[in-house]
Amino acid sequence: MGFEGTRLGRRDALALGGLALGGAALAAPALGQGTSGQGRFPDRPIRLIIPWPPGGSADAQLRSLAEIAGRALGQSVVVENRPGASGTMGAMHLTTQARPDGYTISQMHLSIVRRPFITRTPPWDPVNDFTHIIGLCGWMFGIAVKADGPIKTWADYLAYARANPGRLTYTTSGIATTNHLTMEELASREKLELVHVPYRASNEAAVAVASGEVMSVADSSAWAPLVDGGQLRLICVWTAERSPRFPEAPTLKELGYDMVVTSPYGLAGPRGMDPGIVRVLHDACKAALFDPANATVRAQFDMPLEYYDTEDYRSFIARRAEYEKTMAQRLKLRID
């Protein structure tokens, strides 16, 4: 069975991506069509809020996307990092301050979809309080430990946790993130008592393990450079298949768990954006997503392609919202 952090059973995102890759060259976005009594769009720089500190995988992928899309749009796409609140600062800005004119957009990820179902006062409706523009890609998650520590394999990890209840620590990029919930599910299945030590971002979490502050990191591939450098050891990945970059690390499926976790993300704007402007943004971002330069960045961080067009991305978010609501109720999740 799946889990709250997994993609849906239908692989429609990958299928769409495959169709796009196999098609003809992407057409340039129809900039003149992005109007609604506002004249030509865009006529000034666009702000892209990245709700993480600089340096992580999503930051790198979205910065690359912004640079390439800006050339197609004829205006700069200016990146603004707003970390904190488990990656929801961008969503907060979209729902409370940004105008629906297309000049402020932000990353949309599953923690934003999940948040209304784990708080007493929902801050937004994840389907209707945003304009969903495009689905982009996901993450390669995994668990890494200090390379010179006592844990060498997943079996060692389980053995240490069972022998030392409440002493094995793991870090993630925040409370109630996909990776946190996946670790809670694994701990529940194995009847383990683990200690969660959340950090603000994936790269900070990985460094904390390398420095010995925490025993393990369960997060996206910001740990990859430290694995390559010999400071960390990767003991499993959460993708459907083994990573070509880290072929020695087994998948969760190989370890006996029917779980695939990629946590797809995309871009969204404030509620009520003009469809013509949405189309311009989608087309420019799609062209940037399939540009070889962005593909290189995704490959650097082993980020699986999860492309959705505007209509399909909104449908995906609606399905995920129902799924997250069901799982939050089942697991009795609350962050307040």
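**Cavities of the predicted model**

Among the elements that line the second largest cavity, α2 gives the most, with four residues. The structure is a predicted model, and the second largest cavity holds about 50 Å³ of space. Besides α2, the elements that each supply at least two residues of this lining are β1 (46-50) and α9 (275-289). The residues around the second largest cavity are I46, L48, L65, A66, A69, L73, V77, I105, L267, L281 and C285. By class, this lining divides into 11 nonpolar residues, with no polar and no charged ones.

A search of the whole structure finds three cavities of 30 Å³ or more. The largest of them has a volume of about 220 Å³. Its lining is made up of 21 residues, and those closest to the centre of the cavity are W52, W139, S173, S202 and S220. Four helices give two or more residues to the lining of the largest cavity: α2 (57-73), α4 (110-114), α6 (178-190) and α7 (202-210).

Which element provides the largest share of the lining of the largest cavity? That share, three residues, comes from α2. The helix α2 thus recurs in the description, as it also gives the most to the lining of the second largest cavity.

The chemical character of the two linings can be set side by side. Around the largest cavity, the lining residues divide into seven nonpolar, 12 polar and two charged, whereas the lining of the second largest cavity has 11 nonpolar residues, no polar and no charged.

Key
Residues are numbered from 1 along each chain as its sequence is written. This is a predicted model: local features need pLDDT of at least 70, side-chain atom pairs count only at pLDDT 80 or more; totals for chains, interfaces and linings use all residues. Side-chain values use heavy atoms; hydrogens and water are left out. On a 1 Å grid over the protein atoms alone, a cavity is a set of points where a 1.4 Å probe fits but cannot get out, and a pocket is an open set with protein on both sides within 12 Å along at least five of seven lines; lining residues have an atom within 4 Å of a point. Grid points are joined across faces, edges and corners, and a volume is the space filled by probe spheres set on the points. Ala, Val, Leu, Ile, Met, Phe, Trp, Tyr, Cys and Pro count as nonpolar, Asp, Glu, Lys and Arg as charged, and the others, Gly among them, as polar.
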